[in-house]
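Here are some notes for a colleague, set out as numbered points, on a helix contact and on aromatic rings with their neighbours.

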Amino acid sequence: MTHPQPGPGLTGEQTDLFPEEPADRADPGALEGLFGRLSRSKFRARFTLNASDRAYALTKGRDMLRRHAGDFIARRLAPAHPTNDGKQTPMRGHPVFVAQHATATCCRGCLAKWHGLEEGRVLSDAEQLYVVEVVMTWISKDLEKPR
């Protein structure tokens, strides 16, 4: 298995909370291209962490959020035919859920459309790691935004 390229992390004082982690599927610029496309979607661009989600993310830290994201992805997205596909990710209630909608990693249809991960087959471990990295990168970027 090849190791992913390093992805963008937080800068400044928050770097210790959310250090750089391995990133995407193909090359270092792929996630930036993805985030550029997502920012042009009115639906995707409207998502942001509310005060409660921000506090939860900062209190729990990157490692815990990454575990939660990995678990949510493994249980709700990785199966070939997830239960309630298209409706399995709540719109709010956890920073990972918000990030999934913001990054089009909320259902298999969005994964196919935005990320090229075709429906009807189990996601590989590498693909699951990619989805987790997309979610975690978005959370880091959202936490950097001034409020």
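1. Since the word recurs below, a residue is called buried when its relative accessible area is under 20%, exposed when that area is over 50%, and partly exposed in between. The model under discussion is a predicted one.

2. By this cut-off Phe-47 is buried, because its relative accessibility is 8%, whereas Phe-43, at 36%, counts as partly exposed. These two residues form an aromatic pair of the edge-to-face kind, with 5.2 Å from centre to centre and 85 degrees between the planes; a search of the whole structure finds two aromatic pairs.

3. The ring of Phe-47 also has a charged neighbour, for the charged end of Arg-46 sits over this ring at 4.7 Å from its centre.

4. Turning to helix packing, helix 1, which spans residues 30-39, and helix 6, which spans residues 125-144, have axes that come within 11 Å and cross at roughly 65 degrees, and the crossing is right-handed. On the helix 1 side the contact is made by Leu-31, Glu-32, Leu-34 and Phe-35, and on the helix 6 side by Tyr-130, Glu-133, Val-134, Thr-137, Trp-138 and Lys-141. Sorted by character, the residues of this contact comprise six nonpolar, one polar and three charged.

5. Within that list, Phe-35 of helix 1 and Lys-141 of helix 6 deserve a separate remark, in that Lys-141 lies over the face of Phe-35, at 5.6 Å from the ring centre.

Note on methods
Residues are numbered from 1 along each chain as its sequence is written. This is a predicted model: local features need pLDDT of at least 70, side-chain atom pairs count only at pLDDT 80 or more; totals for chains, interfaces and linings use all residues. Side-chain values use heavy atoms; hydrogens and water are left out. Axes are lines fitted to C-alpha atoms, for helices over the stretch in contact, and angles run from 0 to 180 degrees between N-to-C directions. Helices (H or I, at least four residues) and strands (E, at least two) are DSSP runs, numbered from the N terminus. A crossing is left-handed if the near helix is turned anticlockwise from the far one by less than a right angle, and right-handed if clockwise. Contact means heavy atoms within 4.5 Å. Ala, Val, Leu, Ile, Met, Phe, Trp, Tyr, Cys and Pro count as nonpolar, Asp, Glu, Lys and Arg as charged, and the others, Gly among them, as polar. Rings of Phe, Tyr and Trp (its six-membered ring) pair if their centres lie within 6.5 Å; planes under 30 degrees apart count as stacked, over 60 as edge-to-face and the rest as tilted. Buried means under 20% relative accessible area, exposed over 50%, partly exposed in between (1.4 Å probe, protein chains only). A charge sits over a ring if NZ of Lys or CZ of Arg is within 6 Å of the ring centre and within 35 degrees of the ring normal.
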